[in-house]
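Please look over the sequence and the model shown below before reading on. The report that follows begins with one pocket and then turns to single residues and to the protein as a whole.

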Amino acid sequence: MAISFQRCSQVCREIIIFVALKLICSWAAMEVTMQSKIRDYLFIAIAFLLGSVNILYNVQFYILWILVTVVFVRMDYAGFVSQVKQNWKYLVLPLVGVAYLAIHYLVSLGVGTNRYAASWNRLEILLLYFFFIPVYVLSAKSFITSSLLKRSLLALCWGTMLFNFAKLFYLTGWTLFTDTGAALEMLYATRFGCHLYFWGGHVYLEPQAIYLSVTAILSFFLVIRFMGHADRKVVVQGVILFILSLWFLSLTVTKGAILAFLGGFLILAFVFFCRMSWKQKLFTSGVVVALILSVWVSIPDTYVQRIKETQNEIENLKKGELVGGSIAPRVALIKESFDRIEQWGICGLGVYKNAAAKEWFGQSHFANISSLGSNVHNCFLEFWMIGGIAGLFFILYYFFVPVVRMIKTKKCSVLVLSVICALFIGCNTSVLIIFVDSVPFVIFLLAVSFFYPEQFAELEK
C-alpha cells in the first residue's frame, strides 16, 4: 500500500512538473509571438506615417521614429550588432561626409579666402537622415519577410492617400460634392494648391508629387504581381490606390514627377509585359490604348496651357532668352552655377554653398531666379556644389549601390529598379534630398532597396 501511495505521488509530481513546463513553454511562445506581432505592427505603422504624418509634422514623426528604432534594437540587440558589422560602410559614409565638411571649413579658415557666411544645415540632413534612417532599416532586418514588406508598402501607399485626401478636402470643402465641376477646375488651376501651409505644417508641391509617383508605381506592381492570386484584397487595394494616385498626381501638374512616374512605370510594365501570355498581352495592350485615348480626349485645359508654356520656353531658350517659370529658371540656375565651376568643381563650397549661391543668383542678369533661394533644383548638382567630386560620388552612391548589390547577390527586383529610376528622375528636377518633406521618404526607399534585396526578390516570385 505504501509503495502504491509513493508511486502515485511520484506520478502526480511528474504530471505537475510536465504541466508547469508546458505552461511555461506556451507562455514563452506566446511572448515571442506577441513581440513578433508588435514589431510587425510598428514597422507597418512607421511606413504608414511616413506617407502621411511626415509631410506635415516631420519633427514629431522623427521623434517617434527614433523611439521605434530603440525598441527594435532592444528586441534583438545581438542581431542588430551583427548586421551593423556586415554593413558598416553604408552607415559610416554620412559620418565621412560630416568630417569632410568640417575639414573643409577648417582649411578655409586657415587659407582665409572665403568671405561667405557658413551654414551648417546640411549636417542635419547627413546625420538625421542619411545616418539614422539606414540604422532604422537595419534594425528591422532580422524579422523582415516578403509578406511584411508587402504590407508595409501598402501602408505607405495608404498613408500617402490619407494625406492627399486631407489636402483635397482642406482646399475644396463641401464644394467637392455640391459643385464638383468648379472644385475640380479650381484644383487644376491652382495645381492642387501648390505650396501650401495648412494644419500647422508647410507642404511643398514637388515632394507631394514624388510621393504620388512612387505610390502609383508600387500600387501598379501589387496589381500585376498578385492578379490571379488567392490574396484578392491586395489586388483590389492596388487598383484603388493606382487610380487615386494617378488622379492626385494629375492635379499637381508637375512635369518632373510625371516623368518620374513614367520612367519607373515603363520599366515595370515592360518587364511584366514580356512575362505575360499572348492573351494577357493582347488584353493589356487594349487597356493601355483605351486609357491613352481617354486621357487624350479628357485632358484638362491646365495641361494644354502648360504644354504651350513649355513649348514657348523651349523656343525662347533656342533664342537665348530665359523667359518662363518652369524650364527657364532651372536652366538659368544651372548656367549661373556652371559659370563658376572653378570655385566648386573639385573640392566644393562646403558650408559656404548656400550663401555663395544666393549671392550668385542675386547678381545674375536672368530675372527672378534670385527668388528661388539658394538651391539649384537638382539634387546631384546640389551635392556636387557642396562637396565637390566627393559630394557627387556621395549622392550617386546611394542610387547605384542597391543595383550593384542586387547583381552581386543575384537577387534582382524590377520593382527596386523602377522605384530608383523614378527617384533618380525626380531628383534631377527638384531638391528632394534637401526638403524635409521628402528626404526621409527618398532615403527610406533607397535604404530598403539596399538592405532587403532578398525580400524584394521573394516578393516577385
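## A pocket and its surroundings

In this predicted model, the second largest pocket holds about 650 Å³ of space. Its lining is made up of 30 residues, and those closest to the centre of the pocket are E206, S326, R330, H377 and T429. Which helices supply at least two residues each to this lining? They are α10 (205-226), α12 (255-275) and α15 (327-338), and the largest share, 5 residues, comes from α15. Sorted by kind, the lining of the second largest pocket consists of 13 nonpolar, 12 polar and 5 charged residues.

## Three buried residues

H377, one of the residues closest to the centre of that pocket, lies in the loop between α17 (353-363) and α18 (379-409). V253 is likewise a loop residue, placed between α11 (232-252) and α12, whereas N58 belongs to helix α3, which covers residues 58-75. The table lists the relative accessible area of each of these residues.

| Residue | Relative accessible area |
|---|---|
| N58 | 17% |
| V253 | 2% |
| H377 | 14% |

Why does N58 count as buried? A residue is called buried when its relative accessible area is under 20%, and N58, at 17%, therefore counts as buried. By the same reasoning V253 counts as buried because its value is 2%, and H377 is buried because its value is 14%. If neighbours within four places in sequence are left aside, N58 is in contact with V53 and V436.

The backbone deserves a look as well. Most residues other than glycine have a negative phi. V253, however, has a positive phi near 50°, although V253 is a residue other than glycine, and H377, which is not a glycine either, has a positive phi of about 60°.

## The protein as a whole

The protein has 461 residues, of which 47% count as buried, and its secondary structure comes to 21 helices and 2 strands. Among the contacts with a separation of 6 or more, 78% are between residues that stand 24 or more positions apart in the sequence. The protein exposes about 23100 Å² of surface, and carbon and sulfur atoms supply 69% of this area.

Methods
Residues are numbered from 1 along each chain as its sequence is written. This is a predicted model: local features need pLDDT of at least 70, side-chain atom pairs count only at pLDDT 80 or more; totals for chains, interfaces and linings use all residues. Side-chain values use heavy atoms; hydrogens and water are left out. On a 1 Å grid over the protein atoms alone, a cavity is a set of points where a 1.4 Å probe fits but cannot get out, and a pocket is an open set with protein on both sides within 12 Å along at least five of seven lines; lining residues have an atom within 4 Å of a point. Grid points are joined across faces, edges and corners, and a volume is the space filled by probe spheres set on the points. Helices (H or I, at least four residues) and strands (E, at least two) are DSSP runs, numbered from the N terminus. Ala, Val, Leu, Ile, Met, Phe, Trp, Tyr, Cys and Pro count as nonpolar, Asp, Glu, Lys and Arg as charged, and the others, Gly among them, as polar. Buried means under 20% relative accessible area, exposed over 50%, partly exposed in between (1.4 Å probe, protein chains only). Contact means heavy atoms within 4.5 Å. Accessible areas come from the Shrake-Rupley method with a 1.4 Å probe; for residues, only the protein chains shown count as cover.
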